[in-house]
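Here are some comments on the model, set out as numbered points for a colleague who works with computed structures. They move from charged pairs to packing, and then to a pocket and a few single positions.

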Amino acid sequence: MPLAATWLMMAAEGPFLAAVIARLADPTIGLAAYGVSMALAVLVEAPVLMLMSAATALVENAEAYRRLRNFANALNAFATASLLFVVIPPINDALFLGVLALPDAVADQAYGALWLFLPWPAAIGARRFLQGIMIGAGRTRLVAYGTVVRLLAMASAAIVFGPVLELPGAWVGAASLSTGVVAEAIAARIMAHRSIRELLMGERGEPDAPTISYPEIVSFYYPLLLTSLLGLAVGPMVTFFMGRSVAPVESLAVFPVVHSLLFIFRALGLSFQDASIALLGRRREGFAELSRFAWQMGLTITGVLAAIAFTPLADVWYGTVSGLSAELAAYTTIPTRVVVLLPLLGVWLSLERAVLMRNRRTRPITLATASEVLTIAVLFAVLAWGVGLVGVTAAFIGLAFGKTASTLYLIPATRRALRDGPPE
């Protein structure tokens with residue numbers, strides 16, 4: 001429950017910031033620029049995204065902690081350098097104006113937002129590593145407390161940067177998110193102190209746990225890094241596609257709003273991955289109960305999303321809560337309805353990944369994500385450029401079928417992992 005609360009609180013960031021930006025000057029430009037800059041910032045953080053799961057699965061003694069900590073610091077430095085590379089003016093112009101073909105107004109706001117995202121990747125990496133340590137120690141409530149700190153800092157910054165200072169909408173979103181994650185990283189370091197001390201003093205850990213070397217860490221993490229890169233590349237990819245489809249500006253503006261609503265329901269499935277790693281047991285003794293819980297939770301949250309997507313509650317959410325104009329809200333109906341099964345698929349995908357990570361078999365996870373990205377790209381090309389669907393509609397149809405392909409792909413690998421014993 002604390003991990004679910006953590007992800008739900010993080011999921012609230014998107015709708016909150018979208019609602020703030022929608023109420024500032026030039027909301028369509030602001031939302032579009034925020035969506036573009038956010039997609040790139042999330043792509044840059046890909047190398048550090050799986051550090052929480054890696055720490056939960058691998059840190060079983062003091063030596064494993066030290067080695068994974070050093071590995072995490074190197075990834076944080078690399079991710080920050082990658083973002084600095086993207087904001088070099090000639091490279092940024094080639095990306096925004098050339099590859100993505102953004103309108104000048106959108107490109108200008110998105111460029112400024114990327115500078116404000118600069119603290120984002122390292123702060124995300126540091127706090128995810130520390131959160132994995134706390135999850136492994138069973139102190140999941142501390143993870144949730146850290147997210148409360150993040151939300152309070154983010155919301156306070158949004159009020160100051162938006163209504164008070166009246167900065168451009170995309171800048172408000174980027175500065176607020178960066179403020180929140182830096183505050184959370186500081187809080188995580190303070191709260192993880194006891195768990196780290198227990199590891200270093202030998203008070204916690206498994207004596208029979210296999211020792212892990214740097215090459216083994218790389219072998220375990222490299223497929224997860226590729227998984228993150230592939231998965232997070234979806235955002236920039238569909239941004240590129242939508243910029244060249246029917247209703248490009250409207251699609252770019254609506255995409256982050258619909259995605260924020262979807263993320264609220266997917267958040268529970270995402271939180272289930274690390275919980276499953278911690279509760280599965282070295283000999284998979286917890287799988288039966290976890291699978292029953294997965295069905296119950298997945299069907300419940302999918303039902304709630306369907307109740308919104310197919311009723312007037314959708315108008316309330318997009319028009320009143322998110323603050324979209326009637327013109328923009330009209331683009332949300334079909335995209336919201338085609339993704340109602342994604343929460344259920346996300347829960348099962350998290351459980352499959354947990355089983356494979358506990359067995360230290362991460363390569364199938366990468367291949368599953370590759371099948372997802374390929375499905376999205378092919379369907380978008382067919383539906384948007386072939387059939388002529390609105391860009392945001394084609395994007396979410398692709399997302400729905402892509403996640404289905406990924407979940408189905410992992411079924412055989414998960415069954416094999418359940419039959420085998422724990423890693424030696």
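**Notes on the predicted model**

1. Lys 403 has a relative accessible area of 12%, and because the limit for a buried residue is under 20%, Lys 403 counts as buried. The structure is a predicted model, and the values in this note should be read with that in mind. The side chain of Lys 403 meets that of Glu 372 in a salt bridge, with 3.1 Å from N to O. Since Glu 372 belongs to helix H20 (residues 363-387) and Lys 403 to helix H21 (residues 391-419), the pair ties together parts that are 31 residues apart in sequence. Glu 372 is buried as well, at 7% relative accessibility.

2. Helix H21 also holds Thr 407, which is buried with a relative accessible area of 7%. When its neighbours within four places in sequence are left aside, Thr 407 is in contact with Leu 345, Trp 348, Leu 349 and Glu 352.

3. How many salt bridges does the model contain? The count comes to 11, and as general background, side chains of opposite charge can pair when their charged atoms come close. One of the bridges joins the side chains of Glu 13 and Arg 150, at 2.6 Å from N to O. Glu 13 is in helix H2 (residues 13-22) and Arg 150 in helix H9 (residues 140-164), so this pair ties together parts of the chain that are 137 residues apart in sequence. Both partners are enclosed, for Glu 13 counts as buried at 5% relative accessibility, and Arg 150 counts as buried at 4%.

4. A further salt bridge is formed by Arg 127 with Glu 184, where the closest N and O atoms are 3.4 Å apart. This pair links distant parts of the chain, with Arg 127 in helix H8 and Glu 184 in helix H10 (residues 169-191), 57 residues apart. Arg 127 and Glu 184 are both buried. Which residues are linked with Arg 127 in a network of salt bridges? The network is made up of Glu 13, Arg 127, Arg 150 and Glu 184, and a reader checking the charged groups may wish to view these four side chains together.

5. Helix H8, which carries Arg 127, can be checked for its length. At 1.5 Å a residue, the 17 residues of H8 (residues 120-136) should span 24 Å, and this agrees with the end C-alpha atoms, which are 24 Å apart. Of these 17 residues, 14 are buried, so H8 is largely enclosed by the rest of the structure. After H8 comes Gly 138, which has a positive phi, near 80°.

6. Helix H10, which holds Glu 184, is also the place of Ala 183. Leaving aside neighbours within four places in sequence, Ala 183 is in contact with Val 149 and Ala 153. Ala 183 and Met 154 are 29 residues apart in sequence, while their C-alpha atoms are 8.8 Å apart in space.

7. The largest nonpolar core has 142 residues, and the members that touch the most others are Phe 96, Phe 129, Tyr 221 and Tyr 318. Which helix gives the largest share of this core? That helix is H14 (residues 248-279), with 14 residues. Not counting residues up to four places away in sequence, Tyr 318 touches Val 257, Val 258, Leu 261, Gly 323, Leu 324, Ala 329, Thr 332 and Thr 336.

8. Phe 96 is also among the residues touched by Ala 110, together with Ala 33, Val 36 and Ser 37, when residues up to four places away in sequence are not counted. Ala 110 is found in helix H7 (residues 104-116) and counts as buried at 0% relative accessibility. From C-alpha to C-alpha, Ala 110 and Phe 96 are 8.6 Å apart in space, with their positions 14 residues apart in sequence numbering.

9. The largest pocket has a volume of about 330 Å³. It is lined by 17 residues, of which Met 1, Phe 272, Ala 275, Leu 279 and Phe 293 are the closest to its centre. The elements that give two or more residues to this lining are helix H1 (2-11), H14 and helix H15 (287-309). The largest share, seven residues, comes from H14, the helix that also gives the largest share of the largest nonpolar core.

Conventions: Residues numbered from 1 in each chain as written. Predicted model: local features only at pLDDT ≥ 70, side-chain atom pairs only at ≥ 80, totals over all residues. Heavy atoms only, no water. Helix = DSSP H or I, 4+ residues; strand = E, 2+ residues; numbered from the N terminus. Expected span 1.5 Å × (residues − 1). Buried < 20%, exposed > 50% of the residue type's maximum accessible area, 1.4 Å probe, protein only. Core = buried A, V, L, I, M, F, W, Y, C linked by side-chain atoms within 4.5 Å. Contact = heavy atoms within 4.5 Å. 1 Å grid on protein atoms, 1.4 Å probe; cavity = no way out; pocket = protein on both sides within 12 Å on 5 of 7 lines; lining within 4 Å. Points joined across faces, edges and corners; volume = space filled by probe spheres on them.
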